[in-house]
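Reader: I would like a close look at one part of this model, starting from a single residue and its backbone. Please then carry on to whatever else can be said with numbers attached.

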Amino acid sequence: KMTQQMRDLQLAQARKPPGPSSPNAAKRLYRNLSGKFRVNYTSFDEGSLAGRGEKEKLRKSYLFQSNAALFEAVELQDLDRVQELLKQYSPEELDLNTPNSEGLLPLDIAIMTNNAPIARALLQAGAKESPHFVSLESRSLHLSTLVREAEQRVNELTAQVVNEAPNTDCSEKEKQLKAWEWRYRLYKRMKAGFEHARVPDAPTNVHLSVASSSSVQVTFWEPLSINSAVVTKYKVEWSCSPTFSPPLGEAVIDKLKNLHFTIRGLVSGTAYYVQVSAYNMKGWGPPQASVPPFAIPSNWREYDGRAPRRRGQAEALDHLLGQVKTVHQHCVCHEPCKNQPQSRKHSVSKSLKHLFHPGSKFLKTLKRGLYLTAIFYKDDNILVTHEDQIPVVEIDDTYSCLLMQDFLWFTKVSCMWDEILWLRQCVTVSQSSCSCILQTRFKMLLAISQMQGLLGIQDLGQVFFEPIKDKQGNILIVTLKEVKTNQTFESVRWVPICKLQTSRKSVSSPDEPTALDTLLISVQDKLAYHQRSSHALSPGLYLGYLKLCSAVDQIRVLVPERLPNILCHVKIRSNPNISREEWEWLQKMASVEEPVPAEPEAETSQNHLFQELQVAIKELMTLVNIPLQEAKDFRLYSQEVLDFGGQVSFLLLLPPSDDVCTAPGQNNPYTPRSGFLTLPLQIFELGEER
């Protein structure tokens, strides 16, 4: 009956000719296809083909050859070739889950020959087992049939080769005989692999954690045993009873790239028990209960009913800005000036000035003052003017105010590049004032408008965290923006950064470089800072270290160079959620009454967090170069968990109260190792928001 089923299957698969029948044939196929796989079909001359139909036919021919090559690579246990084909073609193009003429899939061959590396590669690509093997008996019968028919074919060809005289036909029969002998040995090996296999052991390191107020997450590892067949899927079961009677639900995981599963839609405050079992071609193995044995969906905010700090803040700020704009729509600053004689005088003065200055343009050199430069980059190229200069415009040639205050104000303006015209109109009202600060900030807005107009773009990017100053009295505010599309700009062009650096002729001495020379020398560092400051952390719970230092006009915060938009940190775990039970334990640990609480009970989420925190604190102390014995004086910030978008959360580790912020002139007894910098606190806050 099984033989008849396989014959029917062969007829159904008749559209798929058999692949190479021997190892030598497979190797010849690899050599012949090695160049063809890299063909660019669009390079063919359309006129040389009969049309799209013939071109599609040719494409399908190449894809079929790749499918045959995959089967041969699996049969020959050629892991490198399997990985190459999986990388080069999609599962659909490879027909990864379409049986061959023998009713087998590539994954079937890999697991029945017990080739774990190839089986894992196929599973990660989305490979499945053959749907024809609905039971152990059907798989065993199918393998026996394949072995018997291959043996019969070998016997027939052997008799023909022995009885026939040597000729061309005999030589061909000998080739067929060798091919069938090789296939007979393959089927016998597959049959033996199936017969000696046993069900898998239970998964290891099954860990259960609370993911939210309505979900729990289970993570696990493969079974330790290497004697059983390859595991092809896992089953996660959950229940409110430790005996799993009745079960509440189950899920089968057949995508094995990441061994974890989140159970959603649970009831907050209810205990759920979870167990995981593994499956191979011999069936399901025994289940393994999780550690801890149960979890209760919750969130740390449920401890005292606290609402998210930032809930509605963005909407409230947008509403407030809208109200301000509405009020200013009818303000005198938005109406045309009614003082005609003054307007006429200004117009005449402006027209006379333009006799000598035909229009606004970028500066070539600096003359003691405050300037704005915009760096736009794409890959290894940077935007420059037609004079091969980085775009620079003047803000104020008589600047004498407090730089840090104005600079921090400028960084806030960078969040509203599209509102510069409106801001200019609002600030114009105060122009009659003699305030140096207002005059400077109005000039900043004018310079921004000028830069936007010359480049033809509104968004000038992110402000670099500190201005560039030289001994000639020049101050350069730098903005940075990465261009990811083929965008065109006015009055500028793209040039390689290395070419710009080598071709520019410095007009200053190495000991006293100008601000422009300093900018050009350090442009790579600034681009690296900009790229790193836009990186995001992977989801998880982190332990952050808050260290401040104060100066006369600012407070600065310690950050790592590799991620300057984040505090110094180490990862505690991949689950960002802190459960109510974990937060309650942290509160007890931080309380005055129990400064050193006892270690929590084993096999609880609190104990697991306790162990994770111990490891994280040691790692963080090493990172910031603080002796571990000093950690006993540090404390965890217990007012809240810092939540960033629901996927990333932070617990803060604070130094002793007197050491949180280093005062001016005070030496830090523990200097962090290389790889750190200090940012102005306002700059750090803006970078964090981005």
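Author: Asn205 has a relative accessibility of 44% and therefore counts as partly exposed, since that class covers the range between buried, under 20%, and exposed, over 50%. The model is a predicted one, and each value below was computed from it. Asn205 belongs to strand β1, which covers residues 204-212. The backbone is the point of interest here: phi of Asn205 is near 50°, a positive value in a residue that is not glycine. In general, most residues other than glycine have a negative phi, and most peptide bonds are trans.

A second positive phi occurs at Asp388, with a value near 60°. Asp388 sits in a loop, the one that connects β10 (381-385) with β11 (392-396). Its relative accessible area is 33%, so Asp388 is partly exposed.

Two peptide bonds also deserve a check. The bond from Ser245 to Pro246 is cis, with omega near 5°. Pro246 is part of the loop between β3 (233-239) and β4 (249-253). The bond from Val291 to Pro292 is cis too, with omega near -5°. Pro292 is placed in strand β8, residues 288-295.

From the backbone, turn to charged side chains. The whole structure contains 16 salt bridges. One of them joins Glu156 and Arg153, at 3.3 Å from N to O. Both residues belong to helix α8 (residues 136-163), and they are three residues apart, about one turn of the helix. An α-helix has 3.6 residues a turn, so residues three or four places apart point the same way. Neither side chain is buried: Glu156 is partly exposed because its relative accessibility is 34%, and Arg153 is partly exposed at 28%.

Another salt bridge pairs Asp406 with Arg441, where the closest N and O atoms are 3.2 Å apart. This pair connects distant parts of the chain, with Asp406 in helix α12 and Arg441 in helix α14 (residues 436-455), 35 residues apart. Both Asp406 and Arg441 are buried. For Asp406, the helix around it can be described as well. Helix α12 runs over residues 403-413 and is mostly covered, with eight of its eleven residues buried. Besides Asp406, the buried residues of α12 are Leu403, Met404, Phe407, Leu408, Phe410, Thr411 and Val413.

A third salt bridge is made by Glu612 and Arg573, whose closest N and O atoms lie 3.5 Å apart. It too links distant parts of the chain: Glu612 comes from helix α19 (residues 605-623) and Arg573 from strand β19 (residues 568-573), 39 residues apart. Glu612 and Arg573 are both buried. Through shared partners, salt bridges join Arg573, Glu582 and Glu612 into one network.

Helix α14, which holds Arg441, also matters for the nonpolar interior. The largest nonpolar core has 72 residues, and those with the most contacts inside it are Leu372, Ile375, Phe376, Ile382, Leu455 and Ile477. Helix α14 gives the most to this core, with eight residues. Residues of the core come from domain 3 (369-534) and also from domain 4 (540-592 + 602-689), so the core lies between these domains. In soluble globular proteins, nonpolar side chains tend to be buried together.

Some nonpolar side chains are at the surface instead. Leu317, Leu320 and Val324 make a nonpolar surface patch of about 270 Å². Val324 is part of helix α10, residues 313-328. With a relative accessibility of 33%, Val324 counts as partly exposed.

Last comes a sheet. It is open, has four strands in the order β23-β17-β18-β24, and its pairing is mixed. The edge strands are β23 (661-662) and β24 (676-680); each has a single partner strand, so one side of each lacks a neighbour in the sheet. Strands of a sheet pair through backbone hydrogen bonds, either parallel or antiparallel. Strand β17 (residues 548-550) and β23 run parallel and are joined by two bridges. In this pairing, Leu548 stands opposite Cys661 of β23.

Notes. Residues are numbered from 1 along each chain as its sequence is written. This is a predicted model: local features need pLDDT of at least 70, side-chain atom pairs count only at pLDDT 80 or more; totals for chains, interfaces and linings use all residues. Side-chain values use heavy atoms; hydrogens and water are left out. Patches are made of residues with over 30% relative accessible area and no salt bridge: like charges are joined within 9 Å, nonpolar side chains (Val, Leu, Ile, Met, Phe, Trp, Tyr) within 5 Å. Accessible areas come from the Shrake-Rupley method with a 1.4 Å probe; for residues, only the protein chains shown count as cover. A salt bridge is a side-chain nitrogen of Lys or Arg within 4 Å of a carboxyl oxygen of Asp or Glu. Buried means under 20% relative accessible area, exposed over 50%, partly exposed in between (1.4 Å probe, protein chains only). Two strands pair if DSSP finds at least two bridges between them. A nonpolar core is a set of buried Ala, Val, Leu, Ile, Met, Phe, Trp, Tyr and Cys residues joined through side-chain atoms within 4.5 Å. Domain bounds come from an automatic or database domain assignment.
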